[in-house]
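Hello,

Here is the structure I promised to pass on to you. Please have a look at it first, and then read on for my notes.

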Amino acid sequence: MTLDQIPSMPSPPAASNLHVAVIMDGNGRWAANRGWPRLVGHRKGVERVRGLVEASPELGIRYLTLYAFSTENWKRSTEEVLGLMSLLSRYIKAEAKRLNKEGVRLRFIGDRTRLEPKLIKLMDWIERQTEANTRLFLTVAINYGGRDEITRAMRLIASKVQKGEILPSAVNDALIAEHLDTSFLPDPELIVRTSGETRVSNFLLWQSAYSEYVFTPILWPDFTPENMRAILDTFRSRERRFGGVKT
Ligand code: IPE
Ligand code: IPE
Ligand code: MG
């Protein structure tokens, strides 16, 4: 490999253009600690989403990506799955005005095909309603799994190769990224997981190649913008090298 073939290191984003992704975990335990049904925890979790979305621009976050429902979450009880889907519908309907007022563009990643047609329509609708906004790019992952996303991208690329639209040698990391659900997003600089679990749980597998991780014991329904501010302070003090050495 010659020097000019070495992939360039991503340049650090301006302090106010961060992409932060969050694995919002711990809703069930938060509710169980109080002897309440799990769905109460999810409802409180939605309130925390509102708070973080509102505070994000001021915290220096330009892109906020939230893991709301994984491809594995279908394993939960029908009651919980339906409850989560209905919370999502309600969030979309209730939030349209506020998102526009706050300059938030909302988009979704994940495989929509398994969702209720009514919910898909709402998702398409809010994406269109907010498409002119640029202050905060909010992305919500629904029926999202990193492996599923990569698999779908590979199928698309394979069918293009089969049709002769692209050569196998043209498949490189930029082309793969273009076929992922996140094609419109930069990679996240920081991934935060709440609730003390230290797993990735199939979130942004491709995109997290050089992300920093912060794991906090705080349960999602207790997570405030102040907690995010403290995490961002820690993140900003870390040295990111991207495989190079300190210069
Ligand atoms: C995260 O909270 C929300 C979703 C996965 C939908 P959990 O529901 O996983 O809460 P715990 O992990 O059981 O506490
Ligand atoms: C990850 O949390 C998915 C979301 C936050 C939506 P889970 O609670 O589903 O993950 P595991 O089961 O602990 O790995
Ligand atoms: Mg969990």
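How do the residues of the shell around ligand 2 divide into nonpolar, polar and charged? Five are nonpolar, two are polar and four are charged. Before I go further, please keep in mind that this is a predicted model.

**Ligand 2**

Let me stay with this ligand for a moment. The residues around ligand 2 are Ile23, Met24, Asp25, Tyr67, Ala68, Phe69, Asn73, Arg76, Arg193, Arg199 and Ser201. Strand β2 gives the most to this shell, with three residues. Three polar side chains are worth a look here. A polar side-chain atom of Ser201 lies 2.6 Å from an oxygen atom of ligand 2. For Arg76, a polar side-chain atom is 3.2 Å from an oxygen atom of ligand 2, and an N or O atom in the side chain of Asp25 is likewise 3.2 Å from an oxygen atom of ligand 2. On its own, ligand 2 has 390 Å² of accessible area, and the protein covers 78% of that.

**Ligand 1**

Now to the other ligand. There are 13 residues around ligand 1, and those that come nearest are Asp25, Gly28, Arg29, Arg38 and Arg76. You will have met two of these names already: Asp25 and Arg76 are also among the residues around ligand 2. By type, the shell around ligand 1 holds three nonpolar, five polar and five charged residues.

Helices α1 (27–32), α2 (38–59) and α3 (78–101) each supply at least two residues of this shell, and the largest share, three residues, comes from α1.

The polar contacts of ligand 1 involve backbone as well as side chain. A backbone N or O atom of Gly28 lies 2.9 Å from an oxygen atom of the ligand, and a polar backbone atom of Asn27 is 3.1 Å from an oxygen atom of ligand 1. Arg76 contributes through its side chain, with a polar atom 2.7 Å from an oxygen atom of ligand 1. The protein covers 87% of the 380 Å² of accessible area that ligand 1 has on its own.

**Aromatic rings**

The rings deserve a tour of their own, as the count comes to nine aromatic pairs. One of them is the stacked pair of Tyr63 and Phe137, with 5.2 Å from centre to centre and 20° between the planes. This pair links distant parts of the chain: Tyr63 is in strand β2 (residues 61–70) and Phe137 in strand β4 (residues 136–144), 74 residues apart. Both Tyr63 and Phe137 are buried.

Another pair is Tyr67 with Tyr144: their ring centres are 6.0 Å apart and their planes stand at 80°, so this pair is edge-to-face. Tyr67 lies in β2 and Tyr144 in β4, so the pair ties together parts that are 77 residues apart in sequence. Tyr67 and Tyr144 are both buried. Ring pairs link these two residues with Phe203 into a cluster. Tyr67 is also one of the residues around ligand 2, so you may want to show both in one view.

There is a charge over a ring to look at, too. The charged end of Arg114 sits over the ring of Trp74, 4.2 Å from its centre.

**Single residues**

A few single residues caught my eye. Ser56 has its place in helix α2 and counts as buried, at 0% relative accessibility. Its side chain reaches the backbone oxygen of Leu52 at 2.8 Å.

Is Lys75 buried or exposed? At 72% relative accessibility, Lys75 counts as exposed. This lysine lies in the loop between β2 and α3. The C-alpha atoms of Lys75 and Leu180 are separated by 24 Å, with their positions 105 residues apart along the chain.

Finally, two residues in the loop between β5 (190–193) and β6 (212–215) are worth checking in your viewer. Ser195, found in that loop, has a positive phi of about 85° although it is not a glycine. Ser195 is buried, with a relative accessible area of 8%. Asn202, also found in the loop between β5 and β6, has a positive phi of about 70° and is not a glycine either. The relative accessible area of Asn202 is 15%, which makes it buried.

Best wishes

Methods:
Residues are numbered from 1 along each chain as its sequence is written. Chains are lettered from A and ligands numbered from 1 in the order in which they are written. Side-chain values use heavy atoms; hydrogens and water are left out. A residue is near a molecule or strand if one of its heavy atoms lies within 4 Å of it. A polar contact is a pair of N or O atoms within 3.5 Å; within protein, one must be able to donate a hydrogen and the other to accept it, and residues adjacent in sequence count only if both atoms are side-chain atoms. Accessible areas come from the Shrake-Rupley method with a 1.4 Å probe; for residues, only the protein chains shown count as cover. Helices (H or I, at least four residues) and strands (E, at least two) are DSSP runs, numbered from the N terminus. Ala, Val, Leu, Ile, Met, Phe, Trp, Tyr, Cys and Pro count as nonpolar, Asp, Glu, Lys and Arg as charged, and the others, Gly among them, as polar. Rings of Phe, Tyr and Trp (its six-membered ring) pair if their centres lie within 6.5 Å; planes under 30 degrees apart count as stacked, over 60 as edge-to-face and the rest as tilted. Buried means under 20% relative accessible area, exposed over 50%, partly exposed in between (1.4 Å probe, protein chains only). A charge sits over a ring if NZ of Lys or CZ of Arg is within 6 Å of the ring centre and within 35 degrees of the ring normal.
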